[in-house]
Amino acid sequence: MDTKINYDTATGVALTNDIGATSFPCPQCGKATIFRSRNSREICVKYTCPECGFVGPN
Ligand SMILES: [Zn+2]
């Protein structure tokens with residue numbers, strides 16, 4: 001059983017069953033991993049890096 005749950009960085013929505021979700025290292029600091037749900041990508045919800053405060057759509 002997979003107990004690792006990721007949450008959308010911008011909205012806090014759990015990504016357990018979101019097949020369109022993605023994750024990538026922060027483009028500015030590279031320290032934090034940004035998680036994006038499909039919905040957040042489609043409507044371009046802005047995220048904020050918890051490490052460096054970078055704000056971006058991608
Ligand atoms: Zn960062």
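Is Cys 49 buried or exposed? At 3% relative accessibility, Cys 49 counts as buried (buried is under 20% relative accessible area, exposed is over 50%, and partly exposed is in between, with a 1.4 Å probe and protein chains only).

## Before we start

This is a predicted model, where local features need pLDDT of at least 70, side-chain atom pairs count only at pLDDT 80 or more, and totals for chains, interfaces and linings use all residues. Residues are numbered from 1 along each chain as its sequence is written, and side-chain values use heavy atoms, with hydrogens and water left out.

## The zinc site

Let's begin with the metal. The zinc ion has Cys 26 (SG), Cys 29 (SG), Cys 49 (SG) and Cys 52 (SG) as its protein donors, at 2.2 to 2.3 Å. Donors here are N, O and S atoms within 2.8 Å of the metal (3.2 Å for Na, K and Ca), and sites may look incomplete as water is not among the atoms. The 4 donor atoms subtend angles of 106 to 112° around the zinc ion, so the arrangement is tetrahedral (four donors earn that word if all angles lie between 85 and 135 degrees).

Along the sequence, the donor residues follow the spacing C-x2-C-x19-C-x2-C. Distant parts of the chain are linked by one pair: Cys 29 sits in the loop between strand 1 (22-25) and strand 2 (33-36), while Cys 49, 20 residues apart from it, sits in the loop between strand 3 (47-48) and strand 4 (55-56). Helices (H or I, at least four residues) and strands (E, at least two) are DSSP runs, numbered from the N terminus. Cys 29 is partly exposed, at 26% relative accessible area, whereas Cys 49 is buried at 3%.

## Around Cys 49

Who does Cys 49 touch, not counting residues up to four places away in sequence? Its contacts are Cys 26, Cys 29, Ala 32, Ile 34 and Phe 54 (contact means heavy atoms within 4.5 Å).

Cys 49 also belongs to the largest nonpolar core, which has 6 residues: Phe 24, Cys 26, Ala 32, Ile 34, Tyr 47 and Cys 49. Such a core is a set of buried Ala, Val, Leu, Ile, Met, Phe, Trp, Tyr and Cys residues joined through side-chain atoms within 4.5 Å.

## The aromatic rings

The whole structure holds 2 aromatic pairs. In one of them, Phe 24 and Tyr 47 meet edge-to-face, with 5.8 Å from centre to centre and 70° between the planes. Phe 24 is in strand 1 and Tyr 47 in strand 3, so this pair ties together parts 23 residues apart in sequence. Both are buried: Phe 24 at 18% relative accessibility, and Tyr 47 at 1%.

Tyr 47 and Phe 54 have ring centres 6.3 Å apart and planes at 45°, so that pair is tilted. Rings of Phe, Tyr and Trp (its six-membered ring) pair if their centres lie within 6.5 Å; planes under 30 degrees apart count as stacked, over 60 as edge-to-face and the rest as tilted. Phe 54 is partly exposed, at 24%. Phe 24, Tyr 47 and Phe 54 make up one aromatic cluster.

## Ser 40, Cys 44 and Thr 33

Ser 40 lies in helix 1 and is buried, with a relative accessible area of 1%. Leaving out residues up to four places away in sequence, Ser 40 touches Asp 8, Thr 11 and Val 45. Cys 44 is in the loop between helix 1 (38-42) and strand 3, and its phi is near 55°, a positive value in a residue other than glycine.

Thr 33, in strand 2, is partly exposed at 42% relative accessible area. Beyond its neighbours within four places in sequence, Thr 33 is in contact with Thr 9, Ser 23, Phe 24 and Pro 25.

Terms used:
Four donors count as tetrahedral if all angles lie between 85 and 135 degrees; four count as square planar and six as octahedral if opposite donors are over 155 degrees apart and all others between 65 and 115; anything else is irregular.
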